[in-house]
Amino acid sequence: MTEDQAHQTGPTAGPDHEQRWAELADLVLIISREIQFRRYTDERAVHLSQSEGMVMRYLKSDPEAAPSRIAAATGLQRTNLSTVLRGLEEKGFIERRAHSADARGVTVHSTERGRSNTTLVRREWAATVSEAADHDTEHLDAALTLLTAVETGLTRTRPRNRATPPATET
């Protein structure tokens with residue numbers, strides 16, 4: 001058995017594939033940082049922290065979310081989430097509403113201002129990324145499919161906290 005075969009455990013393993021996956025991870029991190037470095041061209045767009053942005057993106061898919069669902073979906077600790085929610089409330093991007101008769105539980109809702117900012121920022125990101133790629137859409141669907149699969153897999157195997165190792169499939 002060669003060294004390459006010893007490392008091979010499936011169709012996506014092996015030294016060559018490992019290097020390519022590492023390159024993909026590097027590029028994703030670099031691209032993310034480059035997008036964050038840019039200032040918005042529309043003065044109405046409000047820059048959010050990474051955590052605030054994660055919460056607003058989550059609220060697009062779950063518009064009446066309990067804080068516990070937001071924390072689980074975004075990977076934020078509940079104490080950090082409280083700080084993020086307070087900041088988003090101060091910016092007028094979310095509101096918390098009592099959801100039970102005894103008013104003990106709350107749900108988080110995006111406001112019109114929050115939804116408008118999310119739409120505006122996504123338009124700016126689309127223009128920035130499209131321009132950077134010279135508006136070439138030839139491999140866009142394949143890239144979206146791959147990156148969605150990576151995001152889904154990473155989210156599914158996310159450690160509950162930094163001290164807990166990620167879940168593995170059996």
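Okay, let's start with one residue, Ala25, which is partly exposed, because its relative accessible area is 40%, and that falls between the 20% cut-off for buried and the 50% cut-off for exposed. Before I go on, keep in mind that this is a predicted model. Ala25 sits in helix H2, which covers residues 15-37. Now look across to Val150: Ala25 and Val150 are 125 residues apart along the chain, and yet 9.9 Å separates their C-alpha atoms.

So what are H2 and H7 doing around there? Their axes come within 13 Å and cross at roughly 90 degrees. That angle lies in the 65 to 115 window, so we call H2 and H7 roughly perpendicular. On the H2 side, the contact is made by Trp21, Leu24 and Val28, and on the H7 side by Leu146, Leu147 and Val150.

Some of those names come back on the surface. Which residues make the nonpolar surface patch? They are Trp21, Leu146, Val150 and Leu154, and the patch has an area of about 350 Å². Helix H7, residues 140-156, gives the largest share of that patch, with three residues. Take Leu146, which is found in H7. Leu146 has 36% relative accessibility, so it counts as partly exposed. Leu146 is also one of the H7 residues in the contact with H2, so please have a look at it on the screen.

Next, a second helix pair. Helix H4 is residues 67-74 and helix H5 is residues 78-90, and their axes come within 10 Å, crossing at roughly 110 degrees. Because of that angle, H4 and H5 are also described as roughly perpendicular to each other. H4 brings Pro67, Ser68, Ile70 and Ala71 to this contact, and H5 brings Arg78, Leu81 and Leu85.

On to the charged pairs. How many salt bridges does a search of the whole structure find? It finds seven, and I'll walk you through some of them.

Back in H2, the side chains of Asp16 and Arg20 form a salt bridge, at 3.7 Å from N to O. Asp16 and Arg20 are separated by about one helical turn, because they are four residues apart in helix H2.

Then there's Arg44 with Asp42, a salt bridge with an N to O distance of 2.5 Å. Are the two partners buried or exposed? Arg44 is exposed, because its relative accessible area is 58%. Asp42, at 16% relative accessibility, counts as buried.

Another salt bridge joins the side chains of Asp62 and Arg69, with 2.8 Å from N to O. Here Asp62 is buried, because its relative accessible area is 15%. Arg69, at 39% relative accessibility, counts as partly exposed.

Last stop, a strand residue. Where is Ser110? You'll find Ser110 in strand S2, residues 106-110. Ser110 is buried, because its relative accessible area is just 12%, and the cut-off for buried is under 20%. And which residues does Ser110 touch, not counting residues up to four places away in sequence? The list is Met56, Leu59, Pro63, Phe93, Ile94 and Arg115.

To wrap up, there are two helix pairs to look at, H2 with H7 and H4 with H5. Add to those the patch made by Trp21, Leu146, Val150 and Leu154, and the salt bridges, seven in the whole structure. Okay, over to you.

Notes: Residues numbered from 1 in each chain as written. Predicted model: local features only at pLDDT ≥ 70, side-chain atom pairs only at ≥ 80, totals over all residues. Heavy atoms only, no water. Patch = residues over 30% accessible without salt bridge, like charges linked within 9 Å, V, L, I, M, F, W, Y side chains within 5 Å. Areas by Shrake-Rupley, 256 points an atom, 1.4 Å probe, with all protein chains shown as cover. Salt bridge = Lys/Arg side-chain N within 4 Å of Asp/Glu carboxyl O. Buried < 20%, exposed > 50% of the residue type's maximum accessible area, 1.4 Å probe, protein only. Axes fitted to C-alpha atoms, helices over the stretch in contact; angles between N-to-C directions. Parallel < 35°, antiparallel > 145°, perpendicular 65-115°, else oblique. Contact = heavy atoms within 4.5 Å.
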